[in-house]
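Here is my note on the model you sent, set out as numbered points. I begin with one residue in a loop and then widen the view to the fold, the cysteines and a few further positions.

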Amino acid sequence: QVQLVESGGGLVQPGGSLRLSCAASGFIFSYYAMNWYRQAPGKERELVAAIGSAGGSTNYAESVQGRFTISRDNGKNTVYLQMNSLKPEDTAVYYCKCPTFPSWGQGTQVTVSS
């Protein structure tokens with residue numbers, strides 16, 4: 001059974017940083033790509049960042065390019081999202097997901113506000 005547990009969210013001021021983590025279990029983590037998504041109130045869930053199974057290939061939404069960095073540690077079955085220069089429009093619930101499987105985690109709330 002695929003399980004995904006996100007953590008690391010919180011309240012941060014504009015310009016600040018946060019590092020999100022997603023612990024995965026129930027599948028061979030190193031075999032699969034992983035994605036980070038976010039959903040802001042009243043908006044559809046959107047893909048923020050993606051990383052290949054070995055970590056060598058990454059892609060980002062234009063809105064976060066240059067500010068966010070996705071990475072993974074296959075030895076710890078964990079994918080990360082380093083978020084720098086945060087803006088109020090980054091406020092959302094952030095989710096990780098393996099695109100191969102339908103399961104979602106519970107998400108972690110990120111609020112950017114002064």
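1. Please start at V64, which, once its neighbours within four places in sequence are left aside, is in contact with R38 and V48. The model is a predicted one, and in it V64 sits in the loop between strand 6 (58–60) and strand 7. Although V64 belongs to a loop, its relative accessible area is 0%, and V64 is therefore buried, the cut-off being under 20%. Along the chain V64 and M83 are 19 residues apart, while in space their C-alpha atoms are 8.5 Å apart.

2. On the overall fold, the protein has 0 helices and 10 strands, so that a reading along the sequence gives the pattern β-β-β-β-β-β-β-β-β-β. The radius of gyration is 13 Å, close to the 13 Å that the globule rule gives for 114 residues, and the protein is therefore as compact as a globular protein of that length. For the extents, the C-alpha trace spans about 40 × 25 × 20 Å along its principal axes.

3. How much of the protein is buried, and what supplies its exposed area? Buried residues account for 42% of the 114 residues, and the protein exposes about 5900 Å², of which carbon and sulfur atoms supply 47%. As for the contacts between residues at least 6 apart in sequence, 52% of them join residues at least 24 apart. The charges can be summarised by their mean positions: those of the 9 positive and the 7 negative charges lie 5 Å apart.

4. Turning to the cysteines, the count comes to 1 disulfide, formed by C22 and C96, whose sulfur atoms are 1.8 Å apart. This pair links distant parts of the chain, since C22 is in strand 3 (residues 18–25) and C96 is in strand 9 (residues 92–97), with the two positions 74 residues apart in sequence numbering. The torsion about the S-S bond of C22 and C96 is about 45°, and the disulfide is therefore right-handed. Both C22 and C96 are buried.

5. Why is C98 not counted as part of a disulfide? The nearest cysteine sulfur to that of C98 belongs to C96 and is 9.5 Å away, whereas a disulfide requires a pair of cysteine sulfur atoms within 2.5 Å, so C98 is in no disulfide. C98 is itself buried, with a relative accessible area of 1%.

6. A second buried position to look at is I70, which is placed in strand 7 (residues 68–73) and which, at 4% relative accessibility, counts as buried. Not counting residues up to four places away in sequence, I70 touches M34, W36, A49, A50, I51, T58, Y60, V79, Y80 and L81. D90 makes a useful reference point for I70: the two are 20 residues apart in sequence, and their C-alpha atoms are 15 Å apart in space.

7. Q3 belongs to strand 1 (residues 3–7) and counts as partly exposed at 44% relative accessibility. Leaving aside its neighbours within four places in sequence, Q3 is in contact with A23, A24 and S25. For one of these, A23, which is 20 residues from Q3 along the chain, the separation of the C-alpha atoms is 8.1 Å.

8. Which backbone angles deserve a second look when the model is checked? N77 has a positive phi of about 50° although it is not a glycine, and S85, likewise not a glycine, also has a positive phi of about 50°. N77 is placed in the loop between strand 7 and strand 8 (78–83), and S85 in the loop between strand 8 and strand 9. With regard to exposure, N77 counts as partly exposed at 26% relative accessibility, and S85 counts as partly exposed at 41%.

Note on methods:
Residues are numbered from 1 along each chain as its sequence is written. This is a predicted model: local features need pLDDT of at least 70, side-chain atom pairs count only at pLDDT 80 or more; totals for chains, interfaces and linings use all residues. Side-chain values use heavy atoms; hydrogens and water are left out. Helices (H or I, at least four residues) and strands (E, at least two) are DSSP runs, numbered from the N terminus. The radius of gyration is taken over C-alpha atoms; the globule rule is 2.2 Å times the number of residues to the power 0.38. Buried means under 20% relative accessible area, exposed over 50%, partly exposed in between (1.4 Å probe, protein chains only). Contact means heavy atoms within 4.5 Å. Accessible areas come from the Shrake-Rupley method with a 1.4 Å probe; for residues, only the protein chains shown count as cover. Lys and Arg count as positive and Asp and Glu as negative; His and the chain ends are not counted. The place of a charge is taken as NZ of Lys, CZ of Arg, CG of Asp or CD of Glu.
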